[in-house]
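Please find below some notes on how the protein meets the DNA in this model. They are arranged by DNA strand.

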Protein chains: 2
Amino acid sequence: MIYGDLEAILRAHAMRITACRIDVLDSFLGTGHALSFKDLEGKLTQYDRVTLYRTLNSFIDKGIIHKIFSDSGFISFGICYDTCSPHHHHHNHVHFKCDACGNIECLPSYHVPVPEISGYKITEANLLVNGLCSKCISN
Amino acid sequence: MIYGDLEAILRAHAMRITACRIDVLDSFLGTGHALSFKDLEGKLTQYDRVTLYRTLNSFIDKGIIHKIFSDSGFISFGICYDTCSPHHHHHNHVHFKCDACGNIECLPSYHVPVPEISGYKITEANLLVNGLCSKCISN
DNA sequence: GTATAAATGCAATAGAGTTGCAAATAGATG
DNA sequence: CATCTATTTGCAACTCTATTGCATTTATAC
Ligand SMILES: [Mn+2]
Ligand SMILES: [Mn+2]
Ligand SMILES: [Zn+2]
Ligand SMILES: [Zn+2]
């Protein structure tokens with residue numbers, strides 16, 4: 001992605017421009033799927049692990065990325081779309097995990113179907129779907 | 001729960017009868033919600049942490065309980081209903097987490113609504129719903 | 001350019017869970 | 001009931017992930 005655009009995103013979220021933040025943001029915007037800490041650690045070896053952790057946490061705080069909890073406790077991070085602001089995330093899209101390639105994707109055009117549960121009040125719902133992604137189906 | 005019934009469950013799953021297993025099983029069957037490792041560790045202080053971990057893992061292997069991953073990475077365990085056997089779990093029920101009391105419940109009578117995702121093949125889906133449970137609504 | 005608050009790197013720490021191994025014990029057998 | 005064996009347990013050590021404290025460096029406002 002163009003450097004100026006990455007800078008603009010950080011500025012829009014009142015964050016200082018640093019090399020690590022630019023590189024992490026670029027990693028998220030340059031891939032079609034969610035990234036794990038290991039993905040970033042493996043790719044951006046020039047930064048300390050702690051700095052990467054802090055970068056991810058600050059991006060979450062600012063509403064730039066969100067944490068995705070998949071089965072087996074595996075954690076990854078996806079970019080936020082519209083309705084996220086500092087200290088308040090609101091997502092209603094489906095998460096997909098491919099059992100072949102292991103990639104986790106946000107599917108922003110698929111909203112989580114929320115069931116009615118009698119006697120309960122529902123405020124949020126998270127759906128994780130497993131299966132084969134479009135790439136792996138055609139291979 | 002009656003001791004003989006607990007024994008019978010362990011025998012039905014080809015497990016030896018031990019005090020720890022009886023107590024853990026009794027804890028699960030005597031509560032209306034899922035239990036975390038911390039819940040069990042706090043309640044069954046007479047057993048070593050490692051023994052509790054191993055007990056939970058063997059119950060999962062045998063299809064007696066299943067792991068529930070909720071938001072913020074919090075892990076709890078719920079009893080399995082019908083379709084689970086050694087080394088193969090199959091659940092399609094909704095999980096509910098109450099934001100007031102923190103309890104996590106299996107809702108076996110609510111099946112996860114599985115969306116069609118064009119170009120993808122779906123094999124499994126997990127839905128976690130947040131809100132207020134029936135007890136907390138009436139308080 | 002200087003001042004200041006924020007960000008970074010490194011070391012130490014915290015927490016969750018697992019593994020190795022010797023001692024204890026459940027269940028089988030005679 | 002006594003004995004044998006495989007399983008289970010408890011303890012210590014260890015692994016893995018993530019966070020915290022602190023001194024140093026750096027981004028930004030002036
Ligand atoms: Mn997402
Ligand atoms: Mn369940
Ligand atoms: Zn795939
Ligand atoms: Zn509640």
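1. A residue counts as near a strand if one of its heavy atoms lies within 4 Å of that strand. The model is predicted: local features need pLDDT of at least 70, side-chain atom pairs count only at pLDDT 80 or more, and totals for chains, interfaces and linings use all residues. Residues are numbered from 1 along each chain as its sequence is written, chains are lettered from A in the order in which they are written, and side-chain values use heavy atoms, with hydrogens and water left out.

2. DNA strand C is surrounded by 18 residues, the closest being R21(A), T51(A), R54(A), I17(B) and Y53(B). Sugar or phosphate accounts for 63% of the strand C atoms within 4 Å of the protein, and bases for the rest.

3. Polar contacts (pairs of N or O atoms within 3.5 Å) reach both parts of strand C. The side chain of R54(A) has an N or O atom 2.7 Å from a base oxygen. Phosphate oxygens lie 2.8 Å from a polar side-chain atom of K38(B) and 2.7 Å from an N or O atom in the side chain of Y53(B).

4. For DNA strand D, 17 residues surround the strand, and I17(A), K38(A), Y53(A), T51(B) and R54(B) are the closest. Here 66% of the strand atoms within 4 Å of the protein belong to sugar or phosphate.

5. On strand D, a base oxygen is 2.7 Å from a polar side-chain atom of R54(B). A polar side-chain atom of R21(B) is 2.8 Å from a phosphate oxygen, and a polar backbone atom of D48(B) is 3.3 Å from a phosphate oxygen.

Note on methods
Polar contact = N/O pair within 3.5 Å; in protein donor to acceptor, adjacent residues only side chain to side chain.
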